[in-house]
Amino acid sequence: MRPFDRQRAAALSAGLVAFSNHTPLLGVADANARASLVRQMIDSLHRIEFARQLGQRSISPGRMDPTSPLFDPVRAAYLHDQAGNKDEAAWLIFLSTHFGFHRRWKWELTRRVYGALGQGPNWTWARTSGDIDGFRHWFNAHAAQLQGVPFGNHRKYESIRPGADNNLADTVASYIEWVGANRGFALLVADIDQPPSNPRTRFDRLYRASPIVQFGRTAKFDFLTMIGKLNIADIEPPLPYLQGATGPTRGAKLLIANNPTASIPVRHLSDIVVDLGTILDVGMQVMEDSLCNWQKSQFEYVAFRG
């Protein structure tokens with residue numbers, strides 16, 4: 001661990017102990033459990049900092065090209081946003097959230113769909129939002145060439161079959177309808193920010209208004225947090241959104257009661273997680289992500305990737 005991270009880890013550990021003095025955190029009473037959670041928080045901070053610091057290094061234009069081995073939809077979204085094309089940036093984050101990052105296959109499903117299987121033209125926001133029927137036809141005709149490529153971990157129960165309920169074309173159509181082909185992502189955010197509010201309220205309004213098909217609690221959270229990290233919109237989560245969550249809720253119960261199946265109202269769990277995140281000054285994405293990973297290995301730190 002780098003010296004700076006060792007300092008952060010010491011501060012986080014001290015913060016957990018101090019918080020426990022007025023609100024018991026039985027799951028980290030053991031020093032090994034506390035150290036394991038702190039390491040997960042450090043990893044979560046690194047993932048957020050990676051996205052927020054993308055612009056500090058030169059990014060190859062090849063990141064935007066789905067025919068290039070360098071293709072990376074997150075870096076591509078950053079470049080599009082910097083070029084003033086928020087619609088394409090948000091579209092790439094939507095696609096990459098839907099398919100997810102797979103440890104071995106990486107962004108392969110996003111590449112194949114966005115790049116129209118290398119046969120072009122790419123399924124950009126402009127092309128897809130202007131011709132959803134054409135996209136649906138293309139998907140039905142080429143779905144077999146997409147099958148066999150796994151979704152990412154957060155999307156592992158999704159199906160690429162055209163006959164599946166709420167298939168890819170349905171999901172894409174619902175995103176386009178929400179954003180509006182003639183409105184765009186920036187105006188979507190502006191419209192939902194009435195009356196004008198703040199980054200946390202804007203996030204919450206977008207989260208609760210999202211009608212995207214097959215985007216449940218995790219997908220909405222992942223999509224909007226990445227939009228915020230890349231500054232495509234000025235939003236940040238005010239809550240861990242534990243309702244409907246599995247890993248983060250188990251982690252919160254483990255933290256508070258040392259029992260991942262304890263009977264604790266979600267509202268109470270959420271209030272404690274928010275208070276703790278505020279005291280530790282780490283934000284809700286770190287709390288949600290670190291609790292989800294920590295509950296998989298309470299006493300021994302395990303690095304999770306993808």
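Which residues of helix 9 are buried? I put this question to the model, which is predicted.

**Entry 1: helix 9**

I found F185, L188, V189 and I192 as the buried residues of helix 9. I then looked down the axis of helix 9: its buried residues fall within an arc of 95 degrees, so they line one face of the helix. Next I looked up what these buried residues pack against, and noted helix 4, helix 8, helix 10 and helix 11.

**Entry 2: nonpolar cores**

I turned to the largest nonpolar core, which holds 60 residues. I recorded F94, Y175, F185, F223, I227 and L230 as the members that touch the most other members. The elements giving two or more residues to this core include helix 3 (73–82), helix 4 (86–99), helix 5 (108–114) and helix 7 (132–142). Helix 8 (168–179), helix 9 (185–192), helix 10 (199–209) and helix 11 are also among them. Helix 4 gives the most to this core, namely eight residues.

I followed I227 further, setting aside its neighbours within four places in sequence. I227 is in contact with A90, I93, F185, I232, A233 and I235. I also noted a second, separate core of 32 residues, with L37, V38, I42 and L269 among its members. As background, I recall that nonpolar side chains tend to be buried together in soluble globular proteins.

**Entry 3: K253**

Is K253 buried or exposed? I located K253 in helix 12, which spans residues 247–257. Its relative accessibility is 16%, and buried means under 20%, so K253 counts as buried. I listed its contacts, leaving aside neighbours within four places in sequence: N258, N259, P260, T261, A262, I264 and L269. One of these contacts of K253, L269, also belongs to the second core. I checked Q295 as well, which is 42 residues from K253 along the chain; their C-alpha atoms are separated by 9.2 Å.

**Entry 4: the second largest pocket**

How much space lies in the second largest pocket? I recorded about 430 Å³. This pocket is lined by 22 residues, of which R52, E236, V282, G283 and M284 are the closest to its centre. I then sorted the lining residues by type and obtained 10 nonpolar, six polar and six charged.

Which helices each supply at least two residues of this lining? I noted helix 2 (31–52), helix 11 (217–229), helix 13 (266–280) and helix 14 (283–294). Helix 11 thus appears twice in these notes: it supplies residues to the lining of this pocket and gives two or more residues to the largest nonpolar core.

Notes
Residues numbered from 1 in each chain as written. Predicted model: local features only at pLDDT ≥ 70, side-chain atom pairs only at ≥ 80, totals over all residues. Heavy atoms only, no water. 1 Å grid on protein atoms, 1.4 Å probe; cavity = no way out; pocket = protein on both sides within 12 Å on 5 of 7 lines; lining within 4 Å. Points joined across faces, edges and corners; volume = space filled by probe spheres on them. Helix = DSSP H or I, 4+ residues; strand = E, 2+ residues; numbered from the N terminus. Nonpolar A, V, L, I, M, F, W, Y, C, P; charged D, E, K, R; others polar. Buried < 20%, exposed > 50% of the residue type's maximum accessible area, 1.4 Å probe, protein only. Contact = heavy atoms within 4.5 Å. Core = buried A, V, L, I, M, F, W, Y, C linked by side-chain atoms within 4.5 Å. Arc of directions from axis to C-beta.
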